[in-house]
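Colleague: I would like to learn how to read a few features of a model like this one, beginning with its charged contacts. Could you take me through them slowly?

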Amino acid sequence: LLVLLQACGLDEKKAVPGLCLSFDDNYVSNWYALRPMFEQYGVKATFFVSNFGTLSALEVNQLKQLQEDGHEIAFHGATHALARDYILKNGYGKYLSTEIDSGLAQLKKSGFAVSSFAYPFGSGFLLSDYFLKKRFKVLRRVSRCKEHGDWPFCDLSGDRTLDALNIDNNQALNDVDLLQGLAAASDRKAVLLLFAHQPKAQVDSVSYQVANSRLERIFRETN
C-alpha cells in the first residue's frame, strides 16, 4: 500500500502496512521524469514545493500533470525559510503572512489543492504547529528516530503532525536498512514515512539526491 501524506492525517482506524513517500523542494523536472516508474509500480507520492514563484511555466504544467496523475502537490514554504530563525527575527505574524500565506495563495491560484505542509529543514518553532494546523490538514517534520534504532510510522489514526526519514543517498541509510524498515512496517501493520529530494539516474557528491535505482527497489518491495 502506497499512500499520500494527506491520507496519513485521516482517522481511518485501519491497521495496514504501507509506505508514504514524499519529495521536497522544487526539482520538478526530475520528479516528472519518474512518471513511467510511478505508473509501472502504481506509486502515488506527495511533492512538497518551495519557491513556487520561481518555477517556469513548463515546471508548473509538469506539476499540474503530476496532480492529474493522482499525486499530491503540497507546500514547503514560499522561500524555504527555517521557521525558528524567521520567527525569532520577524515574529509569527510576518512568518505566516510572508512565508506561508503568500506562497500558499500562489499555489491555490494556479489550481493546486494543497492540504499538507512540510517544514523546511524539518522542524517548526514553539507555536508554529498551532498556527499551521489552522491552514493545513497535515504537517510533516524530519525524523531522527533511525539514529535510535526505530522508524517513523503512522497508523492512519488521524495524527496531524508526522515525521519522515530522509532517504537521499548522502544519508547514513543503505538499501538494506530501507528494506528492514519496510519489513518493520509490515510487521507492525503501519505506514512507513520516507522522503527524498532530487531523484537522478546517477547521483554525484551533491547532497539531496536519491538514485532512481534506490526508489525502484523500494517500489518493488511494496508491490
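Modeller: Let us begin with one pair: Arg 140 forms a salt bridge with Asp 24, and their closest N and O atoms are 2.7 Å apart. The pair links distant parts of the chain, since Arg 140 lies in strand 5 (residues 138-142) and Asp 24 in strand 1 (residues 18-25), 116 residues apart. The term salt bridge is used here for a side-chain nitrogen of Lys or Arg within 4 Å of a carboxyl oxygen of Asp or Glu, while helices (H or I, at least four residues) and strands (E, at least two) are DSSP runs, numbered from the N terminus.

Colleague: Before we go on, what kind of model is this, and how are its residues numbered?

Modeller: This is a predicted model, in which local features need pLDDT of at least 70 and side-chain atom pairs count only at pLDDT 80 or more, although totals for chains, interfaces and linings use all residues. Residues are numbered from 1 along each chain as its sequence is written, and side-chain values use heavy atoms, with hydrogens and water left out.

Colleague: Are Arg 140 and Asp 24 buried or exposed?

Modeller: Buried means under 20% relative accessible area, exposed means over 50%, and partly exposed is in between (1.4 Å probe, protein chains only). Arg 140 is buried, with a relative accessible area of 0%, and Asp 24 is buried as well, at 2%.

Colleague: How many salt bridges does the structure hold, and which residue does Asp 69 meet in one of them?

Modeller: The structure holds 8 salt bridges. In one of them the side chains of Asp 69 and Arg 35 meet at 2.6 Å, N to O. This pair, too, links distant parts of the chain, with Asp 69 in the loop between helix 4 (57-68) and strand 3 (72-75) and Arg 35 in helix 3 (residues 35-41), 34 residues apart. Asp 69 counts as partly exposed at 22% relative accessibility, and Arg 35 is partly exposed at 26%.

Colleague: How should I read the sign of a phi angle, and what is phi at Asp 25?

Modeller: Most residues other than glycine have a negative phi, and most peptide bonds are trans. Asp 25 has a phi near 85°, a positive value in a residue other than glycine; Asp 25 is found in strand 1 and counts as buried, at 12% relative accessibility. Asn 51 also has a positive phi, near 55°, but Asn 51 is found in the loop between strand 2 (46-49) and helix 4 and counts as partly exposed at 21%.

Colleague: What is the span of helix 5 between its end C-alpha atoms, and where does the helix bend?

Modeller: The expected span of a helix is 1.5 Å times one less than its number of residues. A straight helix of 27 residues would span 39 Å, whereas helix 5 (residues 83-109) spans only 24 Å between its end C-alpha atoms. Helix 5 bends by about 120° at Gly 91, the bend being the angle between axes fitted to the seven residues ending there and the seven starting there.

Colleague: Which residues of helix 5 are buried, and what covers them?

Modeller: An α-helix has 3.6 residues a turn, so residues three or four places apart point the same way. In helix 5 the buried residues include Ala 83, Tyr 86, Ile 87, Leu 96, Ile 100 and Leu 107. Among the elements that cover the buried residues of helix 5 are strand 3, strand 4 (116-118) and helix 6 (128-132), where contact means heavy atoms within 4.5 Å. Helix 5 is followed by Gly 111, whose phi is positive, near 100°.
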